[in-house]
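User: I would like to learn how to read a structure one feature at a time. Where should we begin?

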Amino acid sequence: MATMRSDAIIGNTLLKVRDLKTHFFTEDGVVKAVDGVDFDVKRGEIFGLVGESGCGKSVTALSIMRLIEKPGKTVEGEIIFDGNSIRDLSEQDMMDMRGSRISMIFQQPQSSLNPVFTIGGQVAEVLQMHKFMDKEESWERAVDLLARMGIADAEIKAKAYPHELSGGQAQRVMIAMALAMVPDMLIADEPTNALDVTIQAQILDLLRDMKEKMETSIIVITHDLGVIAEMVDRVAVMYAGRIVEQTDVAALFAEPHHPYTIGLMASVPVLGRVNDHLAVIPGSVPNLINLPPGCRFAPRCRARVEHELKICNEVEPELQAIKLGHTVRCWLYHNHGDHQAPMKVE
């Protein structure tokens, strides 16, 4: 299972996303769920997408997998995977790529498994479809995969049905299915959602272990900053369909710059601060059908008020570098016309 890839040079760009726009065309108007997203994922790294529910994280992942269903549509942008444009692939070629080279672990693993087939049969089916193994060989490999995922008594558990599994066991089965083909990239959408803390830690350890053994790049999608801190190498913070800050994870936690990122950090409880009140970001996420002019975070931004920045309500800032490897979408740091940024980054 864990084989070294001689053709993969760790550190080279595996996935390149440029100006990705995925909109949903509803009776009420166009929902701009993902509206101009740019990022790269390198070979052998773990990349994080973090933000509140509804910010566009999962839609970004589904766009990469080309699993957007009507009324949604990817209307613009490039998705380049290992030098090939995913948007230009035929449906058959895309089906072949899913599972074999790019796999995804979806939210709510138990609902993602087929309730009428055993878990061993579902893992084996992946191997039959993509590796053309016979039933006996694929079953043996499926049991081995389940055992590698830390499922006790894998030979017995392989004959169980999804409803007989705990949440943690179901997540391990989904990971086994996703990694069965030793893919180049794994997208994990809220991999620890609704799991208790102990099981969360086990799942994250499992993903890290698989990444080290298989050199698989991983995109972790989560609202949990704790998962980001523990898992990822680089991270992009999303808000209202846009990336507002992107850097390596150490820099993000040491010195966040975008007011939204700072607000997210301040809203996380810290062990030992029992008497402190958790900070709250005022207001709510904007309606993606009727976005505010200028910066999308401006109506909720305390820094805009503090620095009396009129431009925030008039012109949307671009995602620009404030230092090497660290980009931010905010008028606190960027000049524009007569506007002079009030803050400088050393």
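Analyst: Begin with contact, which means heavy atoms within 4.5 Å. This is a predicted model. The buried residues of helix H4 pack against three helices, H5 (135-148), H6 (154-157) and H7 (167-179).

User: Which residues of H4 are buried?

Analyst: Buried means under 20% relative accessible area. In H4 the buried residues are Ile119, Gly120, Gln122, Val123, Ala124, Val126 and Leu127.

User: How many residues does H4 have, and what should they span?

Analyst: The expected span of a helix is 1.5 Å times one less than its number of residues. Helix H4 covers residues 119-131, which is 13 residues, so 18 Å is expected. The C-alpha atoms at its ends are 18 Å apart, in agreement with that value.

User: What should I look for in backbone angles?

Analyst: Most residues other than glycine have a negative phi, and most peptide bonds are trans. Just after H4, Phe132 has a positive phi of about 55 degrees. Asp19, in strand S1 (residues 13-26), is not a glycine, yet its phi is positive at about 50 degrees. Asp82 also is not a glycine and has a positive phi of about 50 degrees; Asp82 sits in the loop between S4 and strand S5 (84-85).

User: Are Asp19 and Asp82 buried, exposed or partly exposed?

Analyst: Partly exposed lies between under 20% and over 50%. Asp19 has a relative accessible area of 31%, so it is partly exposed. Asp82 has 29% relative accessibility and therefore counts as partly exposed.

User: Which peptide bond is cis?

Analyst: The bond from Lys70 to Pro71 is cis, and its omega is near 10 degrees. Pro71 belongs to the loop between H1 and S4.

User: What does Leu67 touch, leaving out residues up to four places away in sequence?

Analyst: With those left out, Leu67 touches Leu62, Arg98 and Phe106. Leu67 is in the loop between helix H1 (57-64) and strand S4 (72-81). Its relative accessible area is 30%, so Leu67 is partly exposed. For a distance between C-alpha atoms, take Leu67 and Ala178: they are 111 residues apart in sequence and 16 Å apart in space.

User: Is Ser63 buried or exposed?

Analyst: Ser63 has a relative accessible area of 2%, so it is buried. This residue lies in helix H1. Apart from neighbours within four places in sequence, Ser63 is in contact with Leu20, Thr22, Ile68, Thr74 and Ile79.

Technical notes:
Residues are numbered from 1 along each chain as its sequence is written. This is a predicted model: local features need pLDDT of at least 70, side-chain atom pairs count only at pLDDT 80 or more; totals for chains, interfaces and linings use all residues. Side-chain values use heavy atoms; hydrogens and water are left out. Helices (H or I, at least four residues) and strands (E, at least two) are DSSP runs, numbered from the N terminus. Buried means under 20% relative accessible area, exposed over 50%, partly exposed in between (1.4 Å probe, protein chains only).
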